[in-house]
Amino acid sequence: MNTAAHELDTLINRDYEYGFESDIDSDMAPKGLSEETIRFISERKQEPGFLLEWRLKAYRHWLTLKSPNWSSVHYPPINFQDIIYYSAPKLRDNAPKSLEEIDPELLRTYDKLGIPLKEQELLAGVAVDAVFDSVSVATTFKDRLAREGIVFCSFSEAARLHPELVKQYMGSVVSYMDNFYAALNSAVFSDGTFCYIPPGVKCPMELSTYFRINAKNSGQFERTLIIADKGASVSYLEGCTAPMRDENQLHAAVVELIALEDAQIRYSTVQNWYPGDKDGKGGIFNFVTKRGDCRGSRSRISWTQVETGSAITWKYPSVILRGDDSVGEFYSVALTNNCQQADTGTKMLHIGRNTRSTIVSKGISAGRGQNAYRGLVKVLKGAENARNYSQCDSLLLGNRCAAHTFPYIEVKNPTAKVEHEATTSRIGEDQLFYCMQRGLSAEDAVSMIVNGFCREVFKKLPMEFAVEAQKLLGVSLEGSIG
Amino acid sequence: MSTIHSEAAERWLKDFQSDFSKSAPESSWLQTSRRQAIAAFSTRGLPTTRMESWKYTSLSPMLATGFRLAPQVEDSAALPYIEKSLPANRMVFINGRYAPGLSNLRDTESLILIPLTEAISRYPQELEQCMVNPHLDNGFSALNEAFWQDGAYLRLAPHAKPDSPVYLTFVTLADQPCVTHPRVMLFIGENAALTLVENYVGKGPYLTNTQSAIHLEKEARLDYLRLQCESPAAHHIGEVSVIAEAGSSFQSHSIALGGVLARVSLSTRLNGNGASCKLHGLMIGHGHQHQDEHTHIQHAKPDTSSEEHYRSILDDASRSVFCGRVTVEEGASQSKAQQASHNLLLSREAEADTLPQLEIFNDDVRCSHGATVGQLDETALFYLKSRGIGQGEAITMLTRAFAQVILDSIINPFLQEKLGALIGDKLDKPQDGGAKHVFFHG
């Protein structure tokens, strides 16, 4: 046990692997938030006028809002005037036309992160829209996608090239008045991903993007908009790492998904941002608004998330089941270790007839981690035969962690069938004993049991993410038992 | 607080203060406690739907009502609400005042059952300690503490186990909208056991704002049946707080049948090793009834266990809210908690909101909860119909069976049978509301 404990110690004490900072000239907005900052951002991005108007409306609305305090996460108040709202790697004259034109320093950064763009192009068959701080630097596979009529580009590019699509769909799922952080994002969003799949097109590859927060003190405000037109389908992957930092960083993204008739969107996230050190110093605040709208009949939106990073994760990927026979799914693994806090869950809003939703949430708390599932299932009057099944399980490792479950169930239609189940427990001594008796170390046994606990969710991830997620979970958990 | 809430709070406070008259001079600590409660109410005000725990229960419709403190009425007026054949241990309150002519007190060494005002003059120090609540965190408990007129005091000596149940009946008779603030204090001694029934009935438009405090000593046992059969025009706000010491067990049945708006919050603190509780609840709604049951179970010590099972049956445009929170504190290892909430919707207009919540701060626990909302099982209905039972009767059968699960856990067979009949009546003839349901004594 002693050697095992020693091994554990080394594993726990090891530093965040991805903690480095690239030294690249940045073109930054001055610190602080004002109408000038917003005009600055909009001008830098050469945005059409309607976007600036929209940003300013959002900003004026944001000024009337108060920071929400109902969640079970605790953090010091954020000084919104102490954040740099725009930071772009300095461009040489114009945007790069190929990978060769990209700042070599930047490419090395991606290499360290394990995203070799060039190789990926050939080997992985994954189109990567890499976001480095606020500007999308390179987008691959564009040609292939363009042949199918698929628009997959950075948000700013979409605003310039497809303003009609942006105007039509942006803010139609998450209004700028939605909540405090959504309003903030709407006012200052820097960049993000835009994706439009035309009618009847099945996207030929997994779309993916890597977010990375770099320049010091620059809160990152992504905005992602994915539209699957009638009969289209797409699978989108999002993964993140961030450099080490002492000051807390704010990440307030907005993700909007729109599925029209018979369309399908699968959105998967592996989030491994810097969680802060053992004493809870530093780390990312991940306050995200994610929502999908099953606008058409028989549409389907599925969220899968593996949340192992961030000092605080606070998000509720939701689905509005507006179309008849539409389906919403939420599969989540949230792991908190050391001083991490997570308050996450989903909202399933049943509006159309025969709508169905499934919620599977697995929370794992270790160390002094705080993990809360908070979810809403709401069945409105017109949602004949709506069906929901929710399962929220929590696993506790160690006697200083905490796990909470706060489901809200509101049913206004008698034909609806809503079921919710939740359990909280620790790993059974008998399970551990069984594994160890067969020669597994305590560490391996726990890792195996936890992976089994999360299997239902991992099964829903695309292949390459599932592998990554399992490894991530193993690494994040090491040292939490002994 | 919204303007309508603050205006109502101001008006209520002013009216209650002018209506309030003491039957006898009060000791200084009591006066201080009332003054502090008034101050607390002035700052807290009335709860609004912006508060998380009142999200689903809006007081707005009742705030327009100009409630006054309930006036004294003749005992005889309450007779239709009280059974003639009276059992031994019984206390009746009419409009918040003790009715000696209808009550039958006990004042023996093993069981003391007396009005609270009398208990205060008899045991001033003891009651000063436990009656003054320094944490008046909501407006209604502050109002109760400021304006209570009387209530029940019960003390059961260690090892005493009386055979027959104790009944506390609160009758409110209102021609004009009025309010009562009854209080109940129960102390169950070490290894003692008791069955207690708290019953609320009445006529007309009124508000009952009641507070019950229950203390179970080591190894004590209490079966607590709370029966809310208020008049169809009544509002009912009830708070019950229980402290259960080591090895004690608390079992409750909260049955909500009456009232237009009723809310009961029951908090149980399992305060000693091995303490346990079983909470059951049944809400039945018709018309525009709004039934709200909030529970909070705190596992404060190791080896504590809790079970919770609430059901609601909702017809017409009625609505039920169930919020059950279970907290397992850091030191409470080896705790077990189980929670279930099942809701039956019988009409298109009905609504059920359910929030089972777990807050766990210890890893050595086994906790689970489950919740369902739906209508009657079609296959079960079909089965009955295929055997020649009419649609209506089949629905009644299945609905009763759904309610029966809660009643089955009542230990006292007499109470179980009477309550079964009462609930059958309510399900069959909802229009009679709670007013018809006289309480059942022997």
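Where in chain B does B:Asp316 lie? B:Asp316 sits in the loop between S18 and strand S19 (319–328) of chain B. That loop is a handy place to start a tour of this predicted model, and we will come back to it further down.

## Chain A at a glance

Chain A holds 12 helices and 24 strands. Of its 482 residues, 55% count as buried. The contacts of chain A often link distant parts of the sequence: among those between residues at least 6 apart, 83% join residues at least 24 apart.

## A covered helix in chain A

Let us look at helix H9 (residues 180–188) of chain A. How many of its residues are buried? Eight of the nine are, so the helix is mostly covered, counting a residue as buried if 20 or more other C-beta atoms lie within 10 Å of its own. The buried residues of H9(A) are A:Tyr181, A:Ala182, A:Ala183, A:Leu184, A:Asn185, A:Ser186, A:Ala187 and A:Val188. What covers them includes two helices, H2 (35–44) and H3 (49–63), along with strands S8 (223–228), S11 (254–259) and S13 (284–294), in chain A.

The pairing with H3(A) can be followed in detail. Two packed helices are described by the angle between their axes and the distance between the axes. For H3(A) and H9(A), the angle is about 145 degrees and the axes are 7 Å apart. H3(A) passes H9(A) in a left-handed crossing. On the H3(A) side, A:Trp54, A:Arg55, A:Ala58, A:Tyr59, A:His61 and A:Trp62 take part, and they meet A:Ala183, A:Leu184, A:Ser186 and A:Ala187 of H9(A). Sorted by class, this contact has seven nonpolar, two polar and one charged residues.

## Parallel strands in chain B

Now for chain B, where strand S20 (residues 335–345) has partners in two other strands. S20(B) is mostly covered, with eight of its 11 residues buried. Strand S18 (residues 305–314) of chain B runs parallel to S20(B), and 10 bridges join the two. In this pairing, B:His309 stands opposite B:Ala340 of S20(B).

S20(B) is also joined by 10 bridges to strand S22 (residues 365–374) of chain B, again in a parallel arrangement. Here B:Ala337 has B:Cys367 of S22(B) as its bridge partner.

## Two helices crossing in chain B

Further along chain B come helix H7 (residues 378–386) and helix H8 (residues 391–407), whose axes come within 9 Å and cross at roughly 130 degrees. That angle makes H7(B) oblique to H8(B). H7(B) passes H8(B) in a right-handed crossing.

Which residues make the contact? H7(B) brings B:Ala380, B:Leu381, B:Leu384 and B:Lys385, while H8(B) brings B:Gln391, B:Ala394, B:Met397 and B:Leu398. By class, six of these residues are nonpolar, one is polar and one is charged.

## Where the chains meet

The two chains also touch each other. The contact takes 31 residues from chain B and 31 residues from chain A. On the chain B side, the elements that give two or more residues are strand S21 (351–360) and S22. The residues on this side of chain B divide into 13 nonpolar, 10 polar and eight charged.

Strand pairing also crosses from one chain to the other. Strand S23 (residues 402–411) of chain A runs antiparallel to S21(B), and six bridges join them. Among the paired residues, A:His404 has B:Glu359 of S21(B) as its bridge partner.

## Three loop residues worth a visit

Back to B:Asp316. Its phi is near 50 degrees, a positive value in a residue other than glycine. B:Asp316 is partly exposed, with 16 other C-beta atoms within 10 Å. A positive phi also appears at A:Ser310, where the value is near 70 degrees. A:Ser310 belongs to the loop between strand S14 (300–307) and strand S15 (312–315) of chain A. Is A:Ser310 buried or exposed? A:Ser310 is buried, because 28 other C-beta atoms lie within 10 Å.

The last stop is A:Asn354, found in the loop between strand S19 (347–350) and strand S20 (356–366) of chain A. A:Asn354 is partly exposed, with 19 other C-beta atoms within 10 Å. Leaving aside neighbours within four places in sequence, A:Asn354 is in contact with A:Asp324, A:Asp325, A:Glu384 and A:Asn385. The C-alpha atoms of A:Asn354 and A:Thr415 are separated by 9.8 Å, although these residues are 61 residues apart along the chain.

Methods:
Residues are numbered from 1 along each chain as its sequence is written. Chains are lettered from A and ligands numbered from 1 in the order in which they are written. This is a predicted model: local features need pLDDT of at least 70, side-chain atom pairs count only at pLDDT 80 or more; totals for chains, interfaces and linings use all residues. A residue is buried if 20 or more other C-beta atoms lie within 10 Å of its own, exposed if 12 or fewer, and partly exposed in between; C-beta atoms are placed from the backbone. Helices (H or I, at least four residues) and strands (E, at least two) are DSSP runs, numbered from the N terminus. Two strands pair if DSSP finds at least two bridges between them. Two residues are in contact if their C-beta atoms, placed from the backbone, lie within 7 Å. Axes are lines fitted to C-alpha atoms, for helices over the stretch in contact, and angles run from 0 to 180 degrees between N-to-C directions. A crossing is left-handed if the near helix is turned anticlockwise from the far one by less than a right angle, and right-handed if clockwise. Ala, Val, Leu, Ile, Met, Phe, Trp, Tyr, Cys and Pro count as nonpolar, Asp, Glu, Lys and Arg as charged, and the others, Gly among them, as polar. Angles under 35 degrees count as roughly parallel, over 145 as roughly antiparallel, 65 to 115 as roughly perpendicular and the rest as oblique.
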